[in-house]
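I opened this one cold and kept notes as I went. Here is what I looked up.

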Amino acid sequence: GKSAFLNCRVKNLGNKTVSWIRHRDIHILTVGSYTYTSDQRFQATHHKETDDWTLQIKWAQKRDSGGEA
């Protein structure tokens, strides 16, 4: 029921964009800082002046894990 934070460091991104995709159904969650899903639990942030991106999953649930639910 707490928030989960997934961090990713991307070097030399150039003009490309970071996207977060849910593996189980290949659903696009975010593109850059734009949330592409209607599930409001997901939010991506880019930490300015760094190469760090974070996906926040609010009210994380067991089914959000990488394993089988």
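My entries follow, from the whole chain down to single side chains.

**Ground rules.** I'm working with a predicted model, where local features need pLDDT of at least 70, side-chain atom pairs count only at pLDDT 80 or more, and totals for chains, interfaces and linings use all residues. Residues are numbered from 1 along each chain as its sequence is written, and side-chain values use heavy atoms, with hydrogens and water left out.

**Overall build.** I looked for helices and found zero, against six strands (helices are DSSP runs of H or I with at least four residues, strands are E runs with at least two, numbered from the N terminus). Reading from the N terminus, I get β-β-β-β-β-β. The C-alpha trace spans about 35 × 25 × 20 Å along its principal axes.

**Burial.** I asked how much of the chain is buried: 22% of its 69 residues. Buried means under 20% relative accessible area, exposed means over 50%, and partly exposed lies in between (1.4 Å probe, protein chains only). The chain exposes about 5300 Å², with 52% of it from carbon and sulfur atoms. Those areas come from the Shrake-Rupley method with a 1.4 Å probe, and for residues only the protein chains shown count as cover.

**The sheet.** I traced an open sheet of three strands in the order β2-β3-β4, paired antiparallel (two strands pair if DSSP finds at least two bridges between them). Its edge strands are β2 (19-22) and β4 (34-35), each pairing on one side only. Between β2 and β3 I noted four bridges. One detail I wrote down: Arg 22 has His 27 in β3 as its bridge partner.

**Thr 30.** Is this residue of β3 buried or exposed? Thr 30 counts as buried, because its relative accessibility is 0%. I then listed what Thr 30 touches, skipping residues up to four places away in sequence: Val 18, Ser 19, Trp 20, Thr 35, Tyr 36, Ala 44 and Leu 55. Contact here means heavy atoms within 4.5 Å.

**Aromatics and the patch.** My search of the whole structure gave one aromatic pair. Tyr 34 and Tyr 36 sit edge-to-face, 6.1 Å centre to centre with 80° between the planes. The rule I used: rings of Phe, Tyr and Trp (its six-membered ring) pair if their centres lie within 6.5 Å; planes under 30 degrees apart are stacked, over 60 edge-to-face and the rest tilted. Tyr 34 is exposed at 53%. Tyr 34 and Tyr 36 also help make a nonpolar surface patch of about 610 Å², along with Ile 21, Ile 26, Ile 28 and Val 31. A patch takes residues with over 30% relative accessible area and no salt bridge, joining like charges within 9 Å and nonpolar side chains (Val, Leu, Ile, Met, Phe, Trp, Tyr) within 5 Å. Val 31, in β3 (residues 27-31), is partly exposed at 31%.

**Salt bridges.** How many are there? I count five (a side-chain nitrogen of Lys or Arg within 4 Å of a carboxyl oxygen of Asp or Glu). Among them is Asp 52 with Arg 9, at 2.6 Å, N to O. That pair links distant parts of the chain, strand β6 (residues 52-57) and strand β1 (residues 4-9), 43 residues apart. Asp 52 is partly exposed at 21%, while Arg 9 is exposed at 57%. Asp 25 meets Arg 22 at 3.0 Å; Asp 25 is partly exposed at 40% and Arg 22 is buried at 18%. Asp 39 meets Arg 41 at 3.2 Å, and Arg 41 is buried at 7%. Last note: Asp 39, Arg 41 and Asp 64 are linked in a network of salt bridges.
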